[in-house]
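Here is my note for you as you start looking at this one. Keep the viewer open and go through the points in order.

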Amino acid sequence: MSPRIRPRTPDELRRARRNRAHSCWDHLYAAPLWPLHGANLGTLARTCDAVGACLTVPRFPWVPEALARGNTLRRPLCTHWTGDPLGWLGRQRERGARIVGVELADEAVRLADLPTAREPTVVVLGHEQSGIPPEALDLLDVCVEIPMVGHGASLNVAVAGSLVLYKLAGLL
C-alpha cells in the first residue's frame, strides 16, 4: 500500500516554478529600511523570491554580507539600495505606490483584512526594537497589524514581513 500523501520530488518542483530569477516586476517591495539583525534580511530575501517581490535595503556596510550569507538560492535577488530611507519612501509615494507599514497602531488593519496588492506596493518594516521611526509614519498609507495571543509585543522582522508579503501577493 502506498502512502496517502506523496511529497513532490525536486524535479517536479523545478518544472512547476520559473526557471530563472525574476527581474524587477515593480509590484511588491519588502523594505526593511532600519534593520538590526542580518539573519532577518536573509530570511526576508528568500520570502521575496518565493512571492516575486523585490527587496529594498539601506546601504549599511554589513548589509551586502548579510544578504550574501542569507541567500541560499544561489541566484541574485532583485535588490534596490537606498542611502536615504525617508527620501526613497517619499519618491515611492510620489510615483503612486501604496505604502504599507507593519506597525502596531490604533488605525491598523488586521492582517486577515489586508487586500491583495493591485498596484505597486511597498511593505515598510521598522527596527526590530523601536519599529518604524515617527518621521516615516506620515509617509504610510496604511498600517497592518498581525494579531497575537501570546505575551510578546511583536514578531521579528523576517516573520512579520513574510506574512504580510504572502498576504499582499495573494498567496494566503
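1. Let us begin with a term. Two strands pair if DSSP finds at least two bridges between them. With that in mind, look at V102, which stands opposite V144 in strand 7. Please remember as you read that this is a predicted model.

2. Where does V102 sit in the wider picture? Strand 4 covers residues 98–102 and strand 7 covers residues 142–145; they run parallel and are joined by 3 bridges. Another residue to find here is V100, whose bridge partner in strand 7 is V142.

3. Now zoom out to the sheet. It is an open sheet of 7 strands, in the order 3-2-1-6-4-7-5, with parallel pairing. Which strands are at the edges? They are strand 3 (79–82) and strand 5 (109–110), each of which pairs on one side only. As general background, strands of a sheet pair through backbone hydrogen bonds, either parallel or antiparallel.

4. Strand 5 deserves a look of its own. Its pairing with strand 7 is parallel and runs over 2 bridges. Here R110 stands opposite E145 of strand 7.

5. What does helix 4 touch when it packs on the sheet? Helix 4 (residues 85–94) touches strand 1 (28–32), strand 2 (54–58), strand 3, strand 4 and strand 6 (121–125). The direction of helix 4 makes about 155 degrees with that of strand 6.

6. Next, find two helices that pack together. Helix 2 (residues 38–51) and helix 6 (residues 157–168) have axes 8 Å apart and meet at an angle of about 10 degrees. Why is helix 2 described as roughly parallel to helix 6? Because angles under 35 degrees count as roughly parallel, the angle of about 10 degrees makes helix 2 roughly parallel to helix 6.

7. The residues of that contact are worth colouring in. Helix 2 brings N40, T43, L44, T47, C48, A50 and V51, while helix 6 brings V157, A158, G161, S162, L165 and Y166. How many of them are nonpolar, polar and charged? There are 8 nonpolar, 5 polar and no charged residues in the contact of helix 2 with helix 6.

8. Go back to strand 3, where you will find T82. Is T82 buried or exposed? T82 has a relative accessibility of 3%, so T82 counts as buried, the cut-off being under 20%. Leaving aside neighbours within four places in sequence, T82 is in contact with L33, T56, V57, P58, R59, W88 and R91.

9. T82 also leads you to D84, in the loop between strand 3 and helix 4. A polar atom of the T82 side chain lies 3.1 Å from the backbone nitrogen of D84. The side chain of D84, in turn, reaches the backbone nitrogen of G87 at 3.1 Å. D84 is partly exposed, with a relative accessible area of 39%. For a sense of scale, D84 and D106 are 22 residues apart in sequence and 27 Å apart in space, C-alpha to C-alpha.

10. Finally, please check D26, in the loop between helix 1 (10–16) and strand 1. Its phi is near 50 degrees, a positive value in a residue other than glycine. D26 counts as partly exposed, at 32% relative accessibility.

Definitions and conventions
Residues are numbered from 1 along each chain as its sequence is written. This is a predicted model: local features need pLDDT of at least 70, side-chain atom pairs count only at pLDDT 80 or more; totals for chains, interfaces and linings use all residues. Side-chain values use heavy atoms; hydrogens and water are left out. Helices (H or I, at least four residues) and strands (E, at least two) are DSSP runs, numbered from the N terminus. Contact means heavy atoms within 4.5 Å. Axes are lines fitted to C-alpha atoms, for helices over the stretch in contact, and angles run from 0 to 180 degrees between N-to-C directions. Angles under 35 degrees count as roughly parallel, over 145 as roughly antiparallel, 65 to 115 as roughly perpendicular and the rest as oblique. Ala, Val, Leu, Ile, Met, Phe, Trp, Tyr, Cys and Pro count as nonpolar, Asp, Glu, Lys and Arg as charged, and the others, Gly among them, as polar. Buried means under 20% relative accessible area, exposed over 50%, partly exposed in between (1.4 Å probe, protein chains only). A polar contact is a pair of N or O atoms within 3.5 Å; within protein, one must be able to donate a hydrogen and the other to accept it, and residues adjacent in sequence count only if both atoms are side-chain atoms.
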